[in-house]
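Visitor: Could you take me through this model term by term, setting each value against the rule behind it?

Guide: Gladly; please have a look at it before we begin.

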Amino acid sequence: SYNAGISWSPREDRFVFMSNGGEGNYDLYAGDMGGKAVTRLTEHKEKDGQPDWSPASNAVVFVSGRSGKGDLYIIDSVTRVLTRLTQGGKEYLYPQWSPDGKRIAFMHGNNENHDIAVINDVARPTESVKVITAWEHDDIRPVWSPDGRKIAFYSNANPAGDARIWSIMVVAADGSDPVAGDGLAAKAVAVDVVPDVERGPAWMPDSSRIVYVKNDRQEYHPIYVVNVSNRTSRLFRTDTKMNHDVVCSSDGTIAFRAQVDQWDQIFVAKMKE
């Protein structure tokens, strides 16, 4: 089986993930820490994936190809009641619940031009959508700050105009910041980063800093920490090489992958304040 995209329940005793179940058909499954057999949440001939479990309820938001290119749905992990949030026309990808479980950030678009938006009321998904970005650059993997006030994402907008150079942008989650132009470009807090397209930018629990990997092959992709308010970055010394896939826990512990003898290993580290 191919299994990916784990998201934890509010009590962290259950988790949801995408799996082909050994049959080639991708659906959502739920498991627990007790070692019991996993249960299947969805069953459709089209692919279901990218689940995110609400931090406040049994609701799991996910992407499904059952209605076209990719739409957002919510499924109740207990009753299996399904609710469609978006109505096609473009790809809707990587939804993520806000920390209070009331809003959903996501990326949408086609090919190499995705934008960021937020559903502010899942009961009125179409009417409550707030545009966060709307320009020609590719914006991907939005992640809420732990306090729910900001959203960080990767964008290939940069002063050099090179679509291969990625930046980390941080904007107000309520949509009050500019959605395009120089005003949005000024929201970059770090430039020339290695994007983690599976998880998005790694917020620290204080909502004021983000851990990221610098795109610097001469220094073997070192890890940095940027202060969002003043945009100053500091090197986080790990003595590891070719770092990537950085995440941060609620107590500030940092986990990441790094290359050791041509193989990836997982490391954890605690930052000295």
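Visitor: What makes aspartate 27 count as buried or exposed?

Guide: Buried means under 20% relative accessible area, exposed over 50%, and partly exposed in between, with a 1.4 Å probe and protein chains only. Aspartate 27 has 0% relative accessibility and therefore counts as buried. This is a predicted model, in which local features need pLDDT of at least 70 and side-chain atom pairs count only at pLDDT 80 or more, while totals for chains, interfaces and linings use all residues. Residues are numbered from 1 along each chain as its sequence is written, and side-chain values use heavy atoms, with hydrogens and water left out.

Visitor: Why is the contact between aspartate 27 and arginine 40 called a salt bridge?

Guide: The term asks for a side-chain nitrogen of Lys or Arg within 4 Å of a carboxyl oxygen of Asp or Glu. In the pair of aspartate 27 and arginine 40, the closest N and O atoms are 2.5 Å apart, and the pair forms a salt bridge. Because aspartate 27 lies in strand E3 and arginine 40 in strand E4, the pair ties together parts that are 13 residues apart in sequence; strands (E, at least two residues) and helices (H or I, at least four) are DSSP runs, numbered from the N terminus. Arginine 40 has a relative accessible area of 25%, so this partner is partly exposed.

Visitor: How do you know that aspartate 48 and arginine 66 form a salt bridge, and where do they lie?

Guide: Their closest N and O atoms are 2.6 Å apart, and they form a salt bridge. The pair links distant parts of the chain, with aspartate 48 in strand E5 (residues 48-53) and arginine 66 in the loop between strand E6 (59-64) and strand E7 (71-76), 18 residues apart. Aspartate 48, at a relative accessible area of 0%, is buried, whereas arginine 66, at 24%, is partly exposed. Elsewhere, Asp245, Arg257 and Asp264 are joined into one network by salt bridges that share partners, and a search of the whole structure finds twelve salt bridges.

Visitor: What makes arginine 11 count as exposed, and which residue does it pair with?

Guide: Arginine 11 has 71% relative accessibility and so counts as exposed. Its salt bridge is with aspartate 13, where the closest N and O atoms are 3.4 Å apart; aspartate 13 has a relative accessible area of 29% and is therefore partly exposed.

Visitor: What is notable about phi in glutamine 50 and aspartate 245?

Guide: Phi of glutamine 50 is near 50 degrees, a positive value in a residue other than glycine, and glutamine 50 is in strand E5. Aspartate 245, likewise not a glycine, has a positive phi of about 55 degrees, and aspartate 245 lies in strand E21 (residues 241-248).

Visitor: Which residues line the second largest pocket, and how are they classed?

Guide: A pocket is an open set of points on a 1 Å grid over the protein atoms alone, where a 1.4 Å probe fits, with protein on both sides within 12 Å along at least five of seven lines; lining residues have an atom within 4 Å of a point. The second largest pocket is lined by 13 residues, of which Val225, Arg234, Leu235, Met271 and Lys272 lie nearest its centre. Strand E19 (223-227) and strand E20 (233-236) are the elements that give two or more residues to that lining. By class the lining has five nonpolar, two polar and six charged residues, where Ala, Val, Leu, Ile, Met, Phe, Trp, Tyr, Cys and Pro count as nonpolar, Asp, Glu, Lys and Arg as charged, and the others, Gly among them, as polar.
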